[in-house]
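Reader: I have the sequence and the model open on my screen. Please walk me through them one question at a time, and show me the reasoning as you go.

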Amino acid sequence: MGQFQGFSGPFPKLALVTRFLDSDDADAQAYGADMIARGAKTQRQKAALAKLNGPRKLARLLRRAAEERVVSCLCCTPRSHQSEYSQPHALQVASSLHALLNLTTQEDCQQQTGRWGIESLMAFARNVTYPQLQVLATKIMQNVQKHASNRTRLYNEELRLRLQDCRNDPSVRGMVCTVERPRVDGDAPESSHCESQPRARPRA
């Protein structure tokens, strides 16, 4: 049995709460994420959670919530709602973002979050409808981009989204979208362009 199998290892409580992320119960998932956000305080603890695939599991919760379109905003629901959460999975989303914000100060967690969570985090960071979730996602992205292995992933995702914005904007007649590739090991920067040519005027 490996060092972090089951509840063994130097941090058995963290290993236990990580198991909650695999549960099908919404409250259990939120509890596990919340305990990781509160309990992982040292770099050794965060590295142990990376070995337990904690960031990957948190990213999976975010992706599921986004796919099911049941994300709710913290403290932004209508006043008629007695609870500050009006949709399923809102607790998991908020707790998962707080947990990832805590974990991504450690390089192994940065790498794992970037590999499995870039698309979901970028979606939350661009969603102005839910400002508190947007702020959390943006801060996580700032941590994730510090790891060299994530720079190309971030570049590709940003380029994909900018191209999508260009295609979805019917008012675009002539636009150039530029994304500069991050410098790695002293390389010269490169830029990618997407151009939408002006529509030809109909002949009289």
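**Salt bridges, packing and confidence**

Reader: Let's start with a single side chain. What does Arg60 count as, given its relative accessibility?

Author: Arg60 has a relative accessibility of 24%. Buried would need a value under 20% and exposed one over 50%. Keeping in mind that this is a predicted model, Arg60 therefore counts as partly exposed.

Reader: Which side chain does Arg60 meet in a salt bridge at 2.9 Å, N to O?

Author: Arg60 sits in helix 4, which covers residues 54-68. Its partner lies in the loop between helix 1 (12-20) and helix 2 (26-39), and is partly exposed, with a relative accessible area of 37%. The side chain that meets Arg60 at 2.9 Å is that of Asp22.

Reader: How many residues apart in sequence are the parts that this pair ties together?

Author: Asp22 and Arg60 join their side chains in a salt bridge. One residue is in a loop and the other in helix 4, so the pair ties together parts of the chain whose separation in sequence is 38 residues.

Reader: Which residue is linked with Asp22 and Arg60 in a network of salt bridges?

Author: The salt bridge between Asp22 and Arg60 is one piece of this arrangement. The network also takes in a lysine, and that residue is Lys57.

Reader: Now to helix 2. Which residue shares a salt bridge with Arg38?

Author: Arg38 counts as exposed, at 58% relative accessibility. Its partner is also in helix 2, four residues away, or about one turn of the helix. That partner counts as partly exposed, at 24% relative accessibility. With an N to O distance of 2.8 Å, the residue is Asp34.

Reader: And in helix 8, how far apart are the closest N and O atoms of Glu158 and Arg162?

Author: Both residues lie in helix 8 (residues 151-168), with four residues, about one turn of the helix, between their positions. Glu158 counts as partly exposed at 31% relative accessibility, and Arg162 is partly exposed with a relative accessible area of 31%. They form a salt bridge in which the closest N and O atoms are apart by 2.9 Å.

Reader: Is Gln110 buried or exposed?

Author: Gln110 lies in helix 6, residues 107-126. Leaving aside neighbours within four places in sequence, its contacts include Thr104, Asn143, His147 and Asn150. Its relative accessible area is 8%, so Gln110 falls under the 20% cut-off. Gln110 is therefore buried.

Reader: Thr105 is also in contact with Gln110. How far is Thr105 from Thr42 in space, C-alpha to C-alpha?

Author: Thr42 is placed in the loop between helix 2 and helix 3, and counts as partly exposed at 38% relative accessibility. In sequence, Thr42 and Thr105 are 63 residues apart. In space, their C-alpha atoms are apart by 9.8 Å.

Reader: Let's look at helix packing. At about what angle do helix 1 and helix 2 pack?

Author: Helix 1 passes helix 2 in a left-handed crossing, and their axes are 7 Å apart. The packing angle is about 145°.

Reader: How many charged residues are there in the contact of helix 1 with helix 2?

Author: From helix 1, Leu14, Val17, Thr18 and Phe20 take part; they meet residues of helix 2 that include Tyr31, Met35 and Ile36. Sorted by character, the contact has seven nonpolar residues and four polar ones. The number that are charged is no residue at all: none.

Reader: Stepping back, what pattern does the chain follow along the sequence?

Author: The secondary structure comes to eight helices and two strands. Along the sequence, the pattern is α-α-α-α-α-α-α-α-β-β.

Reader: Which element has the lowest mean pLDDT?

Author: The chain averages a pLDDT of 76, and 67% of the residues score at least 70. Helix 3 (residues 43-51) has the highest mean among the elements, at 96. Over residues 173-186 the pLDDT stays under 50. The element with the lowest mean, 46, covers residues 175-180 and is strand 1.

Reader: Why be careful there, and how many contacts beyond four places in sequence does the model have for residues 173-186?

Author: Where pLDDT is low, the predicted coordinates should not be read in detail. For residues 173-186, the number of such contacts in the model is 42.

Notes:
Residues are numbered from 1 along each chain as its sequence is written. This is a predicted model: local features need pLDDT of at least 70, side-chain atom pairs count only at pLDDT 80 or more; totals for chains, interfaces and linings use all residues. Side-chain values use heavy atoms; hydrogens and water are left out. Buried means under 20% relative accessible area, exposed over 50%, partly exposed in between (1.4 Å probe, protein chains only). Contact means heavy atoms within 4.5 Å. A salt bridge is a side-chain nitrogen of Lys or Arg within 4 Å of a carboxyl oxygen of Asp or Glu. pLDDT is the predictor's confidence in each residue, from 0 to 100. Axes are lines fitted to C-alpha atoms, for helices over the stretch in contact, and angles run from 0 to 180 degrees between N-to-C directions. A crossing is left-handed if the near helix is turned anticlockwise from the far one by less than a right angle, and right-handed if clockwise. Ala, Val, Leu, Ile, Met, Phe, Trp, Tyr, Cys and Pro count as nonpolar, Asp, Glu, Lys and Arg as charged, and the others, Gly among them, as polar.
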